[in-house]
Amino acid sequence: MRQRLIKKTDWVRLKKRLTAVILCLLLVMTVAVPVKAGTVSEGSSLRFTKSVKKLTAGKTYQFRVNTSEQVSWSVGNEKIASVNKSGKVTAKRYGKTHVYAKCKDQKVSVLLQVQGKKVIGIDPGHQSRGDSNTEPNGPGSSTYKAKVAGGTRGVSTGKPEYQLTLEVAKKLKQQLWDKGYQVVMTRTKNDVNISNKERALLINESGADICVRIHADGAVSSARGATVLCPSSSNRYISKLYKKSQKLSDALIRAYCKETGLQSRGISYRDDLTGTNWSTVPTTLIELGFMTNATEDRFMASGSGQAKMVKGMAAGIDAYFGY
Ligand SMILES: [Zn+2]
């Protein structure tokens, strides 16, 4: 009985000590946290009073920080945006960059997303191997066509159409990016298997404003010139987009032929094209020229020829949007 009482007293003492230790620990923690927070707050006293996280290519925005002292402004990537001495930011090309403001030993930044002024879908026609499996040539259609046709080939250069279309598409993408557009490509390699329907859906779902499909022609050796293929007003799938598609086709072929000097064969109205019929955005298909015509084949394969082709197409897209 006596032994038990002693033990009980010890236990009470131990409890008191433990409580004291815990209280001390809590005190240290509550004191330590505000000290740490105070340090951080002091370091970040320079802050933006005006800033944005998104800006469309071609637009400007005046960034500001909370100081009247000398601020040095800069950006992480000059290709995406630029900033002047007073913090006025100009969005240039689709992409991301940091905007920095530095004052004495303090530096703050904002990650800026530059959005394209428009989104352009580009489909480089064909692929290294065609796919003869079939798919409906429009939503709900009972007409089935090959998923991807083989394409033509240069009579002089031997270059296959799928290679030419990808070369030109990549250069067009670069040029459009330089002009402030965002570009979505259906393919960036030759060794793929993407059907015409899948290509149209890919562009539709990307949020693209328009779709430009790139092909080259094949026929008898005397045939020459460029053509644009456009859905007609009676197209049962996308007749609503006929006017815009026609405007796009017209703008594209005019600027393309003006820049390249190739003959214009004008607009050809086609309602049998799978890639056109599945589109839910204004769409056109350009036949760049005839690969079966030796002169046009060599022109289209050359670096100088491609530079003109791409410049013309980009100018046509600008004209369609009114830039
Ligand atoms: Zn083709």
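1. In this predicted model, the secondary structure of the protein chain comes to seven helices and 17 strands. The protein chain has 323 residues, of which buried residues make up 39%. If one takes the contacts between residues at least 6 apart in sequence, 70% of them join residues at least 24 apart.

2. A reader new to the structure may start with an open sheet of three strands, whose order is 3-7-6 and whose pairing is antiparallel. Its edge strands, each pairing on one side only, are strand 3 (60-62) and strand 6 (81-83), and the twist from one strand to the next averages 20 degrees. As general background, strands of a sheet pair through backbone hydrogen bonds, either parallel or antiparallel. Within this sheet, strand 6 and strand 7 (residues 88-91) are joined in the antiparallel sense over three bridges, and V83 has V89 of strand 7 standing opposite.

3. The next point concerns the nonpolar cores. The largest of them holds 48 residues, and the members that touch the most other members are I120, L252 and I286. For I120, once its neighbours within four places in sequence are left aside, the contacts are L176, Y181, V183, A208, D209, I210, V212 and I317. There is also a second, separate core of 15 residues, which includes V83, Y94, V99 and A101; V83 is also the residue that stands opposite V89 in the sheet described above. In soluble globular proteins, nonpolar side chains tend to be buried together.

4. Helix 6 (residues 294-301) deserves a separate look, and its buried residues are E296, D297, F299 and M300. Seen down the axis of helix 6, these buried residues fall within an arc of 165 degrees, and they therefore line one face of the helix. What covers them includes two helices, helix 2 (161-178) and helix 7 (303-321), together with strand 14 (210-217) and strand 17 (283-290).

5. Two residues call for attention on account of their backbone angles. Most residues other than glycine have a negative phi. K104, although it is not a glycine, has a positive phi of about 55 degrees, and it is found in the loop between strand 8 (95-103) and strand 9 (106-115). H126 is likewise not a glycine and has a positive phi of about 65 degrees, its place being the loop between strand 10 (119-124) and strand 11 (131-136).

6. Are these two residues buried or exposed? K104 counts as exposed because it has 11 C-beta neighbours inside 10 Å, where the cut-off for an exposed residue is 12 or fewer. H126, by contrast, counts as buried because it has 25 C-beta neighbours inside 10 Å, where the cut-off for a buried residue is 20 or more.

7. A last point concerns S233, which lies in the loop between strand 15 (226-230) and helix 4 (242-260). S233 has 10 C-beta neighbours inside 10 Å and therefore counts as exposed. Which residues is S233 in contact with, leaving aside its neighbours within four places in sequence? They are S239 and Y242. In addition, the C-alpha atoms of S233 and K243, two residues that are 10 residues apart along the chain, are separated by 7.6 Å.

Conventions
Residues numbered from 1 in each chain as written. Predicted model: local features only at pLDDT ≥ 70, side-chain atom pairs only at ≥ 80, totals over all residues. Pairing = 2+ DSSP bridges. Helix = DSSP H or I, 4+ residues; strand = E, 2+ residues; numbered from the N terminus. Axes fitted to C-alpha atoms, helices over the stretch in contact; angles between N-to-C directions. Core = buried A, V, L, I, M, F, W, Y, C linked by C-beta atoms within 7 Å. Contact = placed C-beta atoms within 7 Å. Arc of directions from axis to C-beta.
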